[in-house]
Amino acid sequence: MPEKKPATRYIYFTGGVVSSVGKGVTAAAVGQLLKQRGLKVAIQKLDPYINVDPGTMSPYQHGEVYVLDDGAETDLDLGHYERFIDIRLNRECNMTTGQVYAEVIGRERHGDYLGGTIQVVPHITNEIKRRIERVAETTGAEVVLIEVGGTVGDIESQPFIEAIRQMRGDLGREHTACVHVTWLPHIGATSELKTKPTQHSVRELRAMGIAPDMIVARADYPVDVPLVEKISLFCDVEKQAVIPMPTAKDIYEIPLLLEKAGVAELLMKRLGLKARRKPDWSEWQALVNAVAKERPTVRVALVGKYTELQDAYMSVREALRHAAISEGVELDLRFIPSVDLEKGKGWDELGSVSGIVVPGGFGSRGIEGKLQAIRHARQNNIPYLGLCLGMQLMVVDFAREMLGDAGANSTEFDPRTSLPVIDILPEQKNITDMGGTMRLGLYPCRLLPGSHAGKAYGVKEVQERHRHRYELNNEYRTALEAKGMLFSGLSPDGRLVEIAELKGHPFMLGTQFHPEFLSRPTRPHPLFKAFMAAAKKSSRARK
Ligand code: GLN
């Protein structure tokens, strides 16, 4: 008789007191802890908002849109997950309330409920549970980590919490665990940390039928033993399962911190799981040591639109950091709003950098400022990396000068431009009419040997993640090439330009895709690494 597949284990991460204290990073770090022990993990974010996905949400409010291999546009926490656990996730790994309701209402309209009354319990909670199970089905994971967005007590997240409560009964307590991540506020006058809000949030969680198995107590100050004992007593969680987590100098220390606290052993014992191998933290330790070391700084400018909210460029910043660590330099990243450059502001700062990045973006605000920054990089031999929009604008700037038409543009910003070097391709125009508009997710790219890109990757073909509508207009390829632009990455059929670079410039390269999504702390992305090496060189020459 074939052996029965062991039950999938679930670890739920809920938040108490306030949001933004690192629930996502904690969950991701726990994922790495389990992976280190040879377990196959997957991770899912439950987002309580009604939007169907973050694709159309303003990065001002929501931070960056993180894109997966299959083209899913997801919450930026999935970026933390992929980077920390070093895995590739799929679209099942991000669920929003909007998706759940859209599905249930769709079925209701279709008559699937045979006229029954549709309610939050059981119809909405059943759909939530179905979508949670899809993660194990599609990834084959033995342990699925579930992060519930927001904090307990929020109106929006109640159906999620209720679904989890039911799951614990459905699957058996021994197959599930709940980690509650809270915040200990610091009172300046008496210089002490307070546990009362944590107690209240645990009470709230219990009122909804869930007793936490572990409490991660986040704080900006060290959490001492008496405080841990107090939390343990008042919240009815074993003392070893109260994990103090003071703010780390660097987020990459967190897995090591949780390892030392014995988190993996506790959770695995709770879930009846056995380690298949001993964890090997040497790579992570080396990473943390490298970060702690005194290193020469390299100043890089990120010229973007949403520079007020740095979360909008989370993955770009992380990819730059990974590259800087591996190049043995410290990144001094300056966010420069492109609209400032248009008004003549920010130029001194831009003049002080050894590398310039223009990230992805949509909409015409600040475009001319980005073009000015790109021209500055091109004319002054400053290393440049253009990501998606940053590649398109690199082509526009080059065309304006080298093809002698100051009106050159992308039709996204000037539909009537005299020189549409960036445009929607003819075959995509039909798709636009049908509603599906973006090139999303993984596409292959063939590299030109000997080019900057070819040398950086060191292979013939790669797969990278996309999120855009516009492409380089093939009508202008020969003219641009004649003037010194090199198309060093193409789709295998040669029809789409995926990478452009400039001959005779130390490093000026733009990608139609988003390489930042595939960079990992211990495996920096080759193009970011090559860019950082060039910036390091230019920084040395400057000094
Ligand atoms: N707005 C551009 C396009 O749609 C670039 C998109 C991006 O940078 N992600 O093609």
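In which helix is Tyr101 found? Tyr101 is found in helix H4, and this residue is a suitable place to begin a walk through the structure, which is a predicted model. With a relative accessibility of 32%, Tyr101 counts as partly exposed, because partly exposed residues are those between the limits of 20% and 50%. Tyr101 also belongs to a nonpolar patch on the surface, together with Ile105, Val120 and Val121. The accessible area of these residues together is about 310 Å². Two elements, helix H4 (97-109) and helix H5 (120-139), each give two or more residues to this patch.

One member of the patch leads to a feature of the backbone. Val121 is joined to Pro122 by a cis peptide bond, with omega at about 10°. Pro122 itself lies in helix H5.

Helix H8 shows how the residues of one helix can differ in their surroundings. The buried residues of H8, which spans residues 225-235, are Leu227, Val228, Ile231, Ser232 and Cys235. When the helix is viewed down its axis, these buried residues fall within an arc of 140°, and therefore they line one face of H8. The face turned away from this buried side carries the exposed residues Val225, Pro226 and Leu233.

The next topic is the pairing of charged side chains. Side chains of opposite charge can pair when their charged atoms come close. In this model the count comes to 45 salt bridges. One of them is formed by the side chains of Asp75 and Lys45, with a distance of 3.2 Å from N to O. Asp75 lies in the loop between strand E4 (73-74) and helix H3 (77-85), while Lys45 lies in strand E2 (residues 41-47), so this pair ties together parts that are 30 residues apart in sequence. Asp75 counts as buried because its relative accessibility is 5%, and Lys45 is likewise buried, with a relative accessible area of 5%.

A further salt bridge is that between the side chains of Asp69 and Arg465, at 2.8 Å from N to O. This pair links distant parts of the chain, 396 residues apart: Asp69 is in the loop between strand E3 (66-67) and E4, and Arg465 is in strand E19 (residues 461-468). Arg465 is buried, its relative accessible area being 0%.

The side chains of Arg168 and Asp213 also meet in a salt bridge, at 2.8 Å from N to O. Arg168 belongs to helix H6 (residues 158-171) and Asp213 to the loop between helix H7 (196-207) and strand E10 (214-219), so the pair ties together parts that are 45 residues apart in sequence. At 3% relative accessibility, Arg168 counts as buried.

Salt bridges may also be considered as a group. Asp69, Glu82, Asp86, Arg88, Arg465, Arg520 and Arg523 are linked in a network of salt bridges. The network thus includes Asp69 and Arg465, whose side chains meet in the 2.8 Å salt bridge described above.

Another member of the network, Asp86, deserves attention for its backbone. Its phi is near 55°, a positive value in a residue other than glycine. Asp86 lies in the loop between H3 and strand E5 (94-96), and this residue is partly exposed, with a relative accessible area of 25%. Ser191 has a positive phi as well, of about 50°, although Ser191 is not a glycine. Ser191 is located in the loop between strand E8 (186-187) and strand E9 (192-193). At 52% relative accessibility, Ser191 counts as exposed, because the limit for that class is over 50%.

The last part of the walk concerns the ligand. Which residues surround the ligand? They are Gly360, Gly361, Phe362, Cys388, Leu389, Gln392, Glu412, Arg467, His468, Arg469, Tyr470 and His514. Among these residues, Leu389 has a backbone N or O atom that lies 3.0 Å from an oxygen atom of the ligand. Gln392 places a polar side-chain atom 3.0 Å from an oxygen atom of the ligand. For Tyr470, a backbone N or O atom lies 2.8 Å from an oxygen atom of the ligand. On its own the ligand has 290 Å² of accessible area, and the protein covers 99% of this area.

Definitions and conventions
Residues numbered from 1 in each chain as written. Predicted model: local features only at pLDDT ≥ 70, side-chain atom pairs only at ≥ 80, totals over all residues. Heavy atoms only, no water. Patch = residues over 30% accessible without salt bridge, like charges linked within 9 Å, V, L, I, M, F, W, Y side chains within 5 Å. Areas by Shrake-Rupley, 256 points an atom, 1.4 Å probe, with all protein chains shown as cover. Salt bridge = Lys/Arg side-chain N within 4 Å of Asp/Glu carboxyl O. Helix = DSSP H or I, 4+ residues; strand = E, 2+ residues; numbered from the N terminus. Buried < 20%, exposed > 50% of the residue type's maximum accessible area, 1.4 Å probe, protein only. Near = heavy atom within 4 Å. Polar contact = N/O pair within 3.5 Å; in protein donor to acceptor, adjacent residues only side chain to side chain. Arc of directions from axis to C-beta.
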